[in-house]
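I sat down with this model to look up a few things about its symmetry, one helix pair and one sheet. My notes follow.

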2 protein chains.
Amino acid sequence: MATMGTQGQFKVVGTRPVRPDGVEKVTGRAAFGADLSLPGMLVGKVKRSPHAHARIVSIDVEKARALPGVKAVVTAADFPEIASEEAFVGEGPMNFRDLSCNCMARGKVLYEGHAVAAVAATSSAIADAALDLIEVVYEPLPHVIDVEAAMAPGAPLLHDDLITQGVDPAPRTPSNVAKRVHFSLGDVEAGFRAAQVVLERRYTTKPVHQAYIEPHACVASAGADGQCQIWCSSQGQFMVRAYCAKLLGLPISSIRVTPAEIGGGFGGKTLVYLEPLALALSKQSGRPVKMVMTREEVFRATGPTSGAVVEVKIGATRDGKITGAQAVLKYQAGAFPGSPVQPGCMAAFAMYDLDNVSVTGYDVVCNRPKVAAYRAPGAPIASFAVESCLDELARTLGLDPIALREKNAAKDGTRAVYGPIWKDIGYVETLQAAKKHAHYAAPLGPNQGRGVASGFWFNIGGESTAEVHINEDGTAVVVSGNPDIGGSRASMAMMAAEVLGIPVERVRPIVGDTSSIGYSFLTGGSRVTFATGMAVVQAAQEVVGELKRRAALILDVSPEAIEWRDGAAVPSDADPGRFAPLPLAAIALKAGRTGGPISAKASINAQGAGPGFATHLCDVEVDPETGQVKILRYTAIQDVGRAIHPSYVEGQIQGGVAQGIGWALNEEYIYDANGRLENPGFLDYRVPVASDLPMIEAVMVEVPNPRHPFGVRGVGEVPIVPPMAAVANAIHAATGVRLADLPMSPPRVLAAITRATT
Amino acid sequence: MATMGTQGQFKVVGTRPVRPDGVEKVTGRAAFGADLSLPGMLVGKVKRSPHAHARIVSIDVEKARALPGVKAVVTAADFPEIASEEAFVGEGPMNFRDLSCNCMARGKVLYEGHAVAAVAATSSAIADAALDLIEVVYEPLPHVIDVEAAMAPGAPLLHDDLITQGVDPAPRTPSNVAKRVHFSLGDVEAGFRAAQVVLERRYTTKPVHQAYIEPHACVASAGADGQCQIWCSSQGQFMVRAYCAKLLGLPISSIRVTPAEIGGGFGGKTLVYLEPLALALSKQSGRPVKMVMTREEVFRATGPTSGAVVEVKIGATRDGKITGAQAVLKYQAGAFPGSPVQPGCMAAFAMYDLDNVSVTGYDVVCNRPKVAAYRAPGAPIASFAVESCLDELARTLGLDPIALREKNAAKDGTRAVYGPIWKDIGYVETLQAAKKHAHYAAPLGPNQGRGVASGFWFNIGGESTAEVHINEDGTAVVVSGNPDIGGSRASMAMMAAEVLGIPVERVRPIVGDTSSIGYSFLTGGSRVTFATGMAVVQAAQEVVGELKRRAALILDVSPEAIEWRDGAAVPSDADPGRFAPLPLAAIALKAGRTGGPISAKASINAQGAGPGFATHLCDVEVDPETGQVKILRYTAIQDVGRAIHPSYVEGQIQGGVAQGIGWALNEEYIYDANGRLENPGFLDYRVPVASDLPMIEAVMVEVPNPRHPFGVRGVGEVPIVPPMAAVANAIHAATGVRLADLPMSPPRVLAAITRATT
């Protein structure tokens with residue numbers, strides 16, 4: 001795999017040391033969410049709705065409670081009722097009433113699998129028996145599953161009080177449309193009038209699940225003094241703490257959350273499901289409670305991303321200059337508002353420098369599990385539509401698809417439709433690298449085709465805390481508050497080692513619990529290496545300053561006479577022979593006698609996350625008799641800013657592409673007429689496995705982000721954005737058939753080919 | 001119980017909130033050293049020497065290793081050989097060669113119970129069987145148990161290379177005297193010549209064990225990548241980490257130590273015994289290993305404090321002015337150098353303002369378990385002798401014992417024999433409080449007597465780190481790196497709450513593991529509320545500064561316009577109506593948008609620990625027919641500087657007195673002729689139980705220590721210093737018989753009475 005851009009000015013950054021969590025994980029010693037057991041611990045389980053939409057007439061838990069071995073039973077009545085109120089959490093809105101009602105249905109069930117009660121018992125069998133003894137009387141209601149049906153007049157309403165936001169004047173009557181989002185620049189109708197070619201297309205996508213291998217799991221333990229502990233796998237121990245406090249009406253200081261290792265999240269573990277239930281069961285029983293979802297529960301009751309309908313209209317001159325671009329995005333939110341339609345709108349045309357552009361999005365509730373974030377939330381859906389349409393435009397105009405993109409590419413100074421003016425971005429560099437890559441010129445055989453597509457993610461910064469402690473022997477500890485999902489322990493240790501000037505093997509990276517490290521926002525938004533990394537660098541720089549002060553005391557020179565180089569205090573250039581280098585370990589040994597322990601902490605709200613751009617090349621072969629699509633070759637070119645640990649960056653790119661290919665070819669939620677999910681398992685919900693995929697080549701372009709000390713920009717989300725269009729464009733190249741509906745599974749592809757040839 | 005001194009200027013300091021760890025402990029939920037279990041965990045056990053002194057001819061572990069279920073066997077050969085080298089650790093010297101040889105005998109066994117091998121097996125029974133299969137061939141050597149026998153010419157030598165330190169010129173031949181300590185002021189012979197009365201007496205004490213209820217226990221887990229974790233109960237997770245790293249030759253960063261709750265330490269858990277063995281066994285087996293000592297092992301193989309011989313000579317004028325004072329202290333060190341004879345020498349006459357004084361101490365090895373620190377190490381032994389002798393002097397001169405002490409009491413400006421000049425001390429205040437206390441004037445019955453004795457401990461400061469984090473809802477976390485032995489969680493939370501101006505219930509105190517908090521020296525030396533408290537106060541003050549800066553941003557005023565009062569930003573007095581108070585919670589809610597998480601860390605090496613002084617009153621009744629001594633009433637008056645949580649301070653005083661009474665009346669190590677301990681259990685080693693003791697009254701005098709922001713001085717150690725002399729003096733008052741040898745058990749008391757009356 002190739003690395004481009006500058007290198008060599010660093011000693012540690014850009015190298016590929018052994019992963020700090022690698023051996024623990026491959027030897028099975030790493031402790032995930034379900035791996036903790038406590039004395040006297042109970043098993044917690046959830047009773048779930050069999051209906052897609054129903055009023056809860058009554059819940060009788062007395063028989064369950066009376067069963068020997070049952071120690072606690074909770075329903076919505078055991079949780080405080082929370083007023084509807086949008087709180088700003090990290091980077092987005094969060095309605096805690098909805099979160100509470102999603103964790104435990106109150107009054108109505110809104111999707112099949114919606115939790116209605118939970119029990120804790122001394123064994124799994126007793127807990128199962130108790131669930132059966134809970135008597136719930138439902139009054140079934142008409143349900144609605146798909147987004148346009150939910151938007152239609154007369155659709156069954158999920159919420160009586162849901163008034164569409166973002167519409168002026170506000171509607172007087174409730175609907176299933178939670179929000180309208182609109183961004184525009186220039187005059188899009190004038191743009192279409194100036195066009196010589198206008199394409200107008202409609203695309204649809206299905207909900208897909210994050211499909212993390214580890215299901216949701218937690219242990220909660222509430223003490224008789226109200227002090228609570230939670231151990232769980234999540235994308236943020238501080239999120240779990242804050243949400244549980246809110247949902248149970250507890251002070252935040254009464255809850256301590258210890259993060260377990262996490263077996264995949266991809267955005268889907270940025271919410272609580274089991275944790276508040278386990279805590280309520282533990283409070284009632286006075287014993288620790290473990291809860292672990294089955295795979296079926298994960299599918300039925302945790303968030304996939306939206307299914308959507310996207311309408312795109314693009315006008316251009318004959319030489320390929322886009323004069324006007326418009327998109328309408330209709331996203332399923334699931335049972336409660338909150339689809340990623342807004343970031344979808346932001347991402348739709350973000351790769352392009354457009355004078356006239358209009359994007360409108362709708363956030364629409366329907367009787368499905370509430371969606372959760374999924375890697376670059378919303379962007380892959382929008383880009384599937386826009387990048388498919390651009391491919392068709394290139395063919396229509398007889399232009400090379402990369403050349404068309406280059407002609408319209410966003411660059412420094414381009415204003416994005418949602419506000420920002422780009423600076424120091426590397427989109428053009430990814431197009432140039434794609435054009436020059438051997439893959440782009442490689443010959444193709446019969447039934448084979450090549451697709452090109454680009455993608456964007458804005459990436460975020462946010463609040464992070466980090467600490468660097470120097471041990472007595474000169475080794476170091478770096479502590480952060482973010483679960484390590486994509487290699488952040490390695491990158492934190494490497495950045496600290498780079499600043500301290502010591503080998504990375506002498507730095508131990510640790511993920512702290514909520515009580516031992518300051519607040520840190522979620523591991524998400526591709527923010528951790530950027531934002532938490534900035535905090536680590538700041539703390540390490542403070543440590544270096546302190547090391548220089550201590551060295552000055554030991555050497556009896558002024559601190560100004562000291563430089564820090566290669567892990568040692570050395571004389572400044574003004575007087576290079578003044579003293580022999582004093583290494584970190586020698587300073588550490590005397591910390592006690594020069595002022596005490598040497599350590600530093602940084603708490604920041606990081607700004608200036610660099611946006612990420614990628615261009616992907618995909619070769620497919622389509623079996624004309626079965627419609628099966630085989631991915632022959634895949635090259636993902638991405639501006640990664642600066643790769644701290646290139647192997648992890650490549651892994652992120654490969655993982656994102658693999659998920660995008662699954663989304664493109666096979667993954668979908670299939671519902672029956674009653675609104676019941678028919679494929680809640682990995683046999684029927686088909687994620688790509690190793691034998692489905694070629695080795696995915698990751699090409700890292702490095703256009704450093706000047707707002708980060710090492711030039712980092714987020715890398716984890718962009719790679720899932722282009723694959724669906726890249727595959728669709730390749731299928732078109734191979735077959736002459738345009739697929740506008742995901743997934744492009746064999747029956748669909750075969751049907752499209754058959755339609756085109758008959 | 002009474003509190004004296006100023007109060008009322010604080011809102012939280014000086015109150016008695018519910019203890020943060022109380023409910024966990026009384027409900028049995030608190031996790032002590034033996035309470036963690038990990039999947040696949042093995043049981044580790046130790047093979048111990050049956051000889052007091054022997055050469056190890058050979059150790060054959062092959063049969064043990066071959067036993068099914070045995071996964072690891074280690075002997076000294078599995079540990080790196082460490083050169084003899086005195087390292088300065090915290091406040092004292094530590095010879096890591098000795099520590100290594102104490103954990104696992106190398107070449108020789110030096111006491112009965114000395115570890116020679118350790119095994120890890122899948123069950124306790126298999127581990128026991130494996131111990132029996134280890135074949136050790138010993139060549140027994142002559143042994144020596146008592147201190148003067150060990151000092152005598154021709155005594156069996158424990159170490160061939162032990163040359164007495166502190167003697168000039170250095171001896172040419174080895175001996176059992178590891179060190180001579182000497183302090184003097186003025187001319188003591190001239191002082192005796194100026195005296196009108198000179199008393200010269202000899203006192204002896206027996207080794208006593210700290211008798212913590214929780215035996216030593218740990219779990220160690222070494223990963224295949226060399227990353228190690230240890231969970232254990234100790235007085236310092238950083239001590240365990242550093243010592244294990246040293247003894248196994250590992251970088252400190254490869255070990256993470258998580259402190260368990262601790263069921264008593266009293267100085268005895270300031271060393272490692274099992275932890276390095278468990279870690280070596282885990283490294284060899286690749287599995288976690290749990291080791292827990294039996295009570296018998298605790299007695300045979302962990303450190304009691306020294307038994308000693310103390311010779312005291314005091315000269316005075318007839319009106320009670322001491323003209324010369326001299327003491328010679330001979331302390332058993334156990335098998336390796338390191339008795340607390342130096343602090344014994346420091347403490348012997350520290351209560352008195354003396355012009356001519358000489359103190360000489362000897363640190364003497366003998367075939368007993370290596371001594372460990374025990375509450376005010378060394379001082380109770382010295383004070384038993386000096387305060388007994390002073391009592392006799394008062395009787396000889398016909399003076400009130402308190403008046404004699406007042407006449408000679410150390411006060412501001414007094415130079416102590418070991419160097420410091422006292423400042424802001426409260427010894428005289430304790431004497432005045434004792435004289436005025438109703439106890440001192442209460443009538444006594446037949447066979448009853450009252451004793452008075454004083455005590456001193458210097459207390460220490462040292463390295464500590466603390467963090468204060470503000471949560472999103474305005475609650476707070478305070479993190480420190482010291483195991484909570486005497487209520488430090490409460491005192492840390494209270495000091496933070498006082499500075500932040502919020503209720504203490506909104507502050508959660510946490511003890512961090514070695515990777516999540518910066519270095520902190522041991523919980524010992526009565527340093528934690530003082531030193532770690534200073535770090536907490538400093539961090540909380542930094543947080544307040546940050547809160548004011550954030551409030552300035554929110555209110556759009558300059559930070560100088562803001563004061564912090566009662567947990568809120570309020571307008572400065574210059575412009576009192578400028579804005580409404582902005583409480584901490586409102587500032588916390590907006591932390592993200594005003595710069596990120598609000599938290600602060602302080603790492604300090606605290607100086608200026610205030611010395612502690614106490615005066616105790618004790619009434620006894622002696623049964624003339626059995627010699628049994630009953631404690632009728634006990635009042636302990638102590639300068640505590642400032643009591644942060646008075647109930648905990650009273651508890652420390654009561655606990656110290658109870659241990660001192662046990663030391664005075666019953667506790668002792670009894671050896672047979674072969675150097676084997678005869679009473680290694682609580683049936684034969686008798687600690688006082690509740691029915692042996694009256695309610696001990698703690699009177700707190702508060703002479704604030706100006707070097708601490710709230711005036712704290714250490715309180716945990718002083719209370720064990722006076723009781724032995726107080727009891728001996730009371731027995732003398734009741735019987736007319738002077739007991740100079742501890743313990744003053746019924747047979748000894750009866751014999752003394754019998755001797756005196758026949």
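For the superposition, I fitted the copies by least squares on the C-alpha atoms of residues with pLDDT of at least 70 in both. With that, A:Ser516 turned out to be the residue of chain A that comes closest to the rotation axis, at 2.9 Å (C-alpha).

A note on ground rules: this is a predicted model, where local features need pLDDT of at least 70, side-chain atom pairs count only at pLDDT 80 or more, and totals for chains, interfaces and linings use all residues. Residues are numbered from 1 along each chain as its sequence is written, chains are lettered from A and ligands numbered from 1 in the order in which they are written, and side-chain values use heavy atoms, leaving out hydrogens and water.

Symmetry: a turn of 180 degrees and a shift of 0.0 Å along the axis lay chain A on chain B with an RMSD of 0.0 Å. The two copies are thus related as by a two-fold rotation axis.

Sheet: I found an open sheet of five strands in chain A, ordered β9-β17-β16-β15-β10 with mixed pairing (strands are DSSP runs of E, at least two residues, and helices of H or I, at least four, numbered from the N terminus; two strands pair if DSSP finds at least two bridges between them). β9 (177-185) and β10 (197-205) of chain A stand at the edges with a single partner strand each, so one side of each lacks a neighbour in the sheet.

Next I followed β10(A): nine bridges join it to β15 (residues 308-316) of chain A, and the two run antiparallel. A:Leu199 has A:Ile314 as its bridge partner in β15(A).
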